[in-house]
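Visitor: Could you take me through a close look at the disulfides of this chain? I would like to see how they sit among the other parts.

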Amino acid sequence: QVQLVESGGGFVQPGGSLRLSCAASGGGGGFTLDRYDIGWFRQAPGKEREGVSCISGSDSNTYYADSVKGRFTISGDNAKNTVYLQMNSLKPEDTAVYYCAAVPRFATVQAMCVIPLVDYWGQGTQVTVSS
């Protein structure tokens, strides 16, 4: 069983920045990031959960939703089994609970984010953007 623990959420004013972290562990034989695709999803009140950004742990290929392109950056540290989401120029519409997700690598990162294709979810971290 893979465990995903998010951190880094909080309250920020419009135009501000936050960095989310997702620390992964577990799995049969020990977790290694290069065997998984990792993604960030978010869910705002009254809305469906949507894929924000996904990254391949093996080749670092990335996908971004149109709403965050140019503002968010996803990256991974295989040595730490941790994936980050750097969020800049935050807007009130970015307010949501952000979830880390993982799936053993077998499809594209776009498929993971859009369909979505997820086997494991974290508990979520709240991001609030408001003046």
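Guide: Happily! The chain has two disulfides, a disulfide being a pair of cysteine sulfur atoms within 2.5 Å. Please keep in mind that this is a predicted model, where local features need pLDDT of at least 70, side-chain atom pairs count only at pLDDT 80 or more, and totals for chains, interfaces and linings use all residues. Residues are numbered from 1 along each chain as its sequence is written, and side-chain values use heavy atoms, with hydrogens and water left out.

One disulfide joins C22 to C100, with an S to S distance of 2.0 Å. C22 belongs to strand β3 (residues 18–26) and C100 to strand β9, so this pair ties together parts that are 78 residues apart in sequence. Strands (E, at least two residues) and helices (H or I, at least four) are DSSP runs, numbered from the N terminus. The angle about the S-S bond is -75°, which makes the link of C22 and C100 left-handed. Both C22 and C100 are buried; buried stands for under 20% relative accessible area, exposed for over 50%, and partly exposed for in between (1.4 Å probe, protein chains only).

The other link is formed by C54 and C113, whose sulfur atoms are 2.1 Å apart. Here distant parts of the chain are linked: C54 lies in strand β5 (residues 50–56) and C113 in helix α1 (residues 109–114), 59 residues apart. With 100° about the S-S bond, the link of C54 and C113 is right-handed. Both of these cysteines, C54 and C113, are buried. Counting bonded cysteines along the chain, the disulfides follow the pattern 1-3, 2-4.

Now follow strand β9 (residues 96–104), the home of C100. Strand β9 pairs with β11 in the antiparallel sense over three bridges, where pairing requires that DSSP finds at least two bridges between two strands. Within this pairing, Y98 stands opposite T125 in β11. Strand β2 (residues 10–12) also joins β11 through three bridges, and these two run parallel; V12 stands opposite V129 there.

In a regular strand, side chains alternate between the two faces of the sheet. Strand β11 (residues 125–129) has T125, V127 and V129 on a covered face, with Q126 and T128 on an uncovered one.

Stepping back, the chain holds one helix and eleven strands, and buried residues make up 46% of its 131 residues.
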